[in-house]
Amino acid sequence: MKKLLKSRTFLPTASGAAALALALTAWQAPWPPLLLALVAFAGVARRTTENIANLRAARIVASTAVLVAVWQVSGFERWPLLAAGVLIALFAVSSDIVDRALNVGYLLSVNLDVERSTRERWSTPPVIVRIMSALGLAYVAAAAVPAGYSAAVDWVFLLLALASFGWTGQAFLSGYFHRRRESHPVDGRVMTAVTRLQPKFIVYFAGARASEYQLNMWLPYFEKVGDPYLILIRDRYLYDGIVSRTEAPVVLVPAQSVLDTILPESVRACYYVNHAIKNAQLIKLDKYLHVQLMHGDSDKAISRSPVSLMYDRVFVAGQAGVDRYHRYGVDIPNYKFKKIGRPQLHDLRVGDREKAEGERKVVLYTPTWTGLTADVNYSSLKQGKKIVQALLERDITLVFRTHPYTKTNAAYLALAAEIKSIIAADAAKTGRPHLWGAQAESRVSLTDCINAADVAISDISGTASDWLYSGRPFAMTDPKGYRERYLDEFPLAKAAYLLDPKAGNIEEVLDELLLHDTKAAVRAEVREYYLGDFAPDELIGVFTDEVKATYAEPVRKTALGESAIPSMARKEAQGSGVA
């Protein structure tokens, strides 16, 4: 029930259903159902961004509610408005068919040499969604017009509805016949532009809402490769967040049939940054070299998932990334691994932060999110208030940066909000220049936060690995209560000072972080194990060289489906005892 209430479709659908129920019972009283229908249509307009069929049930019940409300009050006297309402309801019922007709023949794309006519640009699924959403809101407004003005308004609205549906109809028919003519219909203009581009590799991205950061962290480094490439986005809700961050060509690929045909012969390698279910839809095409990058290096379970077995190459930061898989029985052959460090750390300051004499120390606290399930909930936000209050009692400046996914869990979002209010109050009281909220989470990068801090407190996450590269002291939290098993599960913590599950030893840990630091030598050793022996100015070059190597020669597949090992990789594998 709780999950249903949080659903993006709940409020519009529930409002529409309530409007219909009231319309069926509230004789001669149209205002309550019309107000609820307005809420439903407004919710549809705000939430419908992925496809036309999204929130179809909400459209159906809301439009039917307005129809019934008008009929209850005026009967056939307002037949033009009733006719327009029938059209809106019919569109809602058939919207999935309309969506399928439109979403293949016209592919959303940017930064590609694609010429479109005005008619084509105004016949795309997003435009049709906006037209129909605006029509739904106007429908409620027209139904609410007083009787003395209704005749003219009804005719104007009917003409508006007919024009909108005429425009949608021609787009639908064009897409429908396109699908009927071709067994695997695609957008020919985009296909031609992609062929002209001659991309050497593909960056493929699917995933949950708000996961754009997983790809965005890699975009600047793909640009450094220097050869043409193409980004394929599989989910409409991810599209805008990616295209706003890159000048590379991007195409939204809504269907498997498009994916099977859009890649030209020039493509030899495909890159992935997560384990999205839709990745398998491209990996099944075995004429490419499939490379997993992931979106951070950590000891979380996702970083040694058996799903990685299906990729031809797995790029890791250092030897820890290899051993992590093998330690948990994920038997990926050594030749599949490439150790590249973390290119995102190329401008990270290594060693002590430069600061003025007498300047306060800066502490970075980066709690992670709750994870998709309780068994991977490594977030310390439940202990965060205690941690932050202990920090503020010391003469320090605090940088508080939460994970982008924190907003996906209402309880933990509330915990983060409470901590931010405590920090804000302290800043107002003491004048200390703490950093929190948007200033720490969106206006600056993680690297900026690390460079600005002297010590850090991190959960089990990629942030701990990134901080480790700086060489400066840090602590790690244990909200799940691993205690003596902590180092076995998360070896990176050998370099950290460990908080107990309820942060009861926070004062002792802060003494180590801010005063003593007895683990400096251990940090240096663990740093190389996790992140490789790469200097900051080498990281981008290492990454671009390895990317180019994946498409330097044609991919060859054996009868068993494994990638043929290039000569150098084969020698490496034989030398390490890998068959």
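Helix H20 (residues 462-470) is mostly covered in this predicted model. Nine of its nine residues are buried. They are Gly 462, Thr 463, Ala 464, Ser 465, Asp 466, Trp 467, Leu 468, Tyr 469 and Ser 470. What covers them? The cover of H20 includes three strands, S9, S11 and S12 (474-476). Helices H19 (446-451), H23 (520-531) and H24 (539-550) are also part of that cover. Just after H20 comes Gly 471, and its phi is positive, near 80°.

**The chain as a whole**

The chain has 579 residues, and 52% of them count as buried. Its secondary structure comes to 25 helices and 13 strands. Now take contacts between residues at least 6 apart in sequence: 69% of them join residues at least 24 apart.

**The five-stranded sheet**

Strands S9 and S11 touch H20 as part of its cover, and they also belong to a sheet. This open sheet has five strands in the order S10-S9-S11-S12-S13. The pairing is parallel. S10 and S13 (497-498) stand at the edges. Each has a single partner strand, so one side of each is left without a neighbour in the sheet.

Strand S9 (residues 361-366) is mostly covered, with five of its six residues buried. S9 runs parallel to strand S10 (residues 396-400), and five bridges join the two. S9 also runs parallel to strand S11 (residues 455-458), here with four bridges. The table lists some bridge partners, with one pair from the other sheet at the end.

| Residue | Partner | Partner strand |
|---|---|---|
| Lys 361 | Ile 396 | S10 |
| Leu 364 | Ala 456 | S11 |
| Thr 366 | Ser 458 | S11 |
| Ser 109 | Val 251 | S4 |

In a regular strand, side chains alternate between the two faces of the sheet.

How does the chain get from S9 to S10? The chain crosses from S9 through H16 to S10. This β-α-β crossover is right-handed.

**Helix H16 and its neighbour**

Helix H16 (residues 381-392) packs with helix H17 (residues 410-430). The angle is about 10°, and the axes are 9 Å apart. That angle makes H16 roughly parallel to H17, because angles under 35 degrees count as roughly parallel.

Which residues make the contact? From H16 come Leu 381, Lys 382, Gly 384, Lys 385, Val 388, Gln 389 and Leu 392. From H17 come Tyr 412, Leu 415, Ala 416, Glu 418, Ile 419, Ile 422, Ile 423 and Asp 426. Sorted by class, the contact of H16 with H17 has nine nonpolar, two polar and four charged residues.

**The eight-stranded sheet**

Another open sheet has eight strands. Their order is S1-S4-S3-S2-S5-S6-S7-S8, and the pairing is mixed. Which strands stand at the edges? They are S1 (109-110) and S8 (337-339). Each has a single partner strand, so one side of each is left without a neighbour in the sheet.

The partner of S1 is strand S4 (residues 250-252). The two pair in the antiparallel sense over two bridges. There, Ser 109 of the chain stands opposite Val 251. Helix H9 (residues 188-197) packs on this sheet. H9 touches S1, S3 (229-233) and S4. The direction of H9 makes about 145° with that of S3.

**Two single residues**

Asn 279 is found in the loop between strand S5 (269-272) and helix H14 (280-283). Is Asn 279 buried or exposed? Its relative accessibility is 0%, so Asn 279 counts as buried. Leaving out residues up to four places away in sequence, Asn 279 touches Tyr 204, Tyr 272, Asn 274, Gln 292 and Tyr 311.

Pro 220 lies in helix H11 (residues 219-225). Its relative accessibility is 41%, so Pro 220 counts as partly exposed. The cut-offs for that class are 20% and 50%. Pro 220 and Gln 344 are 124 residues apart in sequence. In space, they are 8.9 Å apart, C-alpha to C-alpha.

How values were computed: Residues numbered from 1 in each chain as written. Predicted model: local features only at pLDDT ≥ 70, side-chain atom pairs only at ≥ 80, totals over all residues. Heavy atoms only, no water. Axes fitted to C-alpha atoms, helices over the stretch in contact; angles between N-to-C directions. Parallel < 35°, antiparallel > 145°, perpendicular 65-115°, else oblique. Contact = heavy atoms within 4.5 Å. Nonpolar A, V, L, I, M, F, W, Y, C, P; charged D, E, K, R; others polar. Buried < 20%, exposed > 50% of the residue type's maximum accessible area, 1.4 Å probe, protein only. Pairing = 2+ DSSP bridges. Right-handed = clockwise from strand over helix to strand, strands pointing away.
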